[in-house]
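Q: Could you take a close look at one part of this protein for me? I would like a connected walk through it.

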Amino acid sequence: MALSALSAGNALWGTMEEVDTTVTGGRIDFTVRSLLNKLTIVQNQVGYVQFNILSFDELLKTAARCKKPLTRDEIAFIESIFYGDPRKYGFFGERTVPQLTVVTPKKDVVYVDKTGHFLMKGAATEKYAQIKRLIGPDLVLTSGVRLPVKQLLLFVKKMANSGGDLRLASNSIAPPGFTFHSVGDFDIGKVGLGQYNFTEKFQETDVFKKLYDGGYIAIRYTANNLFGVRYEPWHIKVTGGFETA
Ligand SMILES: [Zn+2]
């Protein structure tokens with residue numbers, strides 16, 4: 001028992017060493033690029049909406065069906081990111097999902113019409129309804145439930161755009177396994193603001209001011225937070241975790 005736990009730990013450490021080479025550029029670069037390509041193919045196959053709640057096992061099956069099976073290197077890379085310690089590259093957020101293979105049953109989520117996103121049934125849908133009542137038609141849900149596979153795509157995309165720099169990537173996107181989007185948090189914006197909803201411009205909108213002044217929201221990542229995550233005024237905290245606001 002103790003022996004198997006030890007060897008599992010060693011295996012994990014081995015793959016963590018590989019991830020570190022990404023920072024300086026190495027053979028992982030190829031893995032990252034190839035993985036990004038395969039994840040994009042699977043997203044196109046299952047559709048943008050369903051991809052948000054796709055499980056890891058479904059990813060493997062769909063990739064194989066598309067004749068783009070994940071390689072051992074790609075799976076080892078995913079596991080090293082998911083199960084590794086992100087403090088090594090400056091991300092101090094807490095783990096939200098213990099298992100890469102987590103499945104969220106469809107009955108536990110609600111699709112929010114015309115948004116392309118789901119919310120977790122319960123606290124998240126209640127919070128969203130409360131905010132929707134306050135703001136009205138100007139409010140849009142810009143991101144909801146994201147299981148590890150979707151978070152992996154966002155993270156790998158950000159890595160590719162950051163020259164493989166994990167520190168840079170994790171400053172704006174939590175690694176898979178470490179996002180509260182997997183357990184209830186969601187992002188909101190103002191209708192018509194598009195991608196600017198994910199910039200500090202959102203803070204200047206009447207939508208943000210109404211919410212903030214009303215004390216309706218608790219922001220997960222406040223300015224100069226201790227978690228190594230940029231300030232995200234559009235991210236609504238729903239459940240658990242450190243109290244940051
Ligand atoms: Zn968010």
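How many bridges join strand β1 to β2, and do the strands run parallel or antiparallel?

A: Happy to help! This is a predicted model, in which local features need pLDDT of at least 70 and side-chain atom pairs count only at pLDDT 80 or more, while totals for chains, interfaces and linings use all residues. Residues are numbered from 1 along each chain as its sequence is written.

Strand β1 (residues 109-112) is joined to β2 by 4 bridges, and the two run antiparallel. Strands here are DSSP runs (E, at least two residues), numbered from the N terminus, and two of them pair if DSSP finds at least two bridges between them. One of the partnerships links Val 110 with Leu 119 of β2. Between the strands of this hairpin lie 4 residues, and Lys 114 takes a positive phi near 65°.

Now for the side chains of β2 (residues 117-120): His 117 and Leu 119 point one way, whereas Phe 118 and Met 120 point the other way. Both pairs are buried, meaning that 20 or more other C-beta atoms, placed from the backbone, lie within 10 Å of a residue's own.

As for confidence, pLDDT (the predictor's confidence in each residue, from 0 to 100) averages 85 over the protein chain, and 84% of the residues score at least 70. Over residues 1-27, however, pLDDT stays under 50. Where pLDDT is low, the predicted coordinates should not be read in detail.

How values were computed
Contact = placed C-beta atoms within 7 Å. Buried ≥ 20, exposed ≤ 12 C-beta atoms within 10 Å, placed from the backbone.
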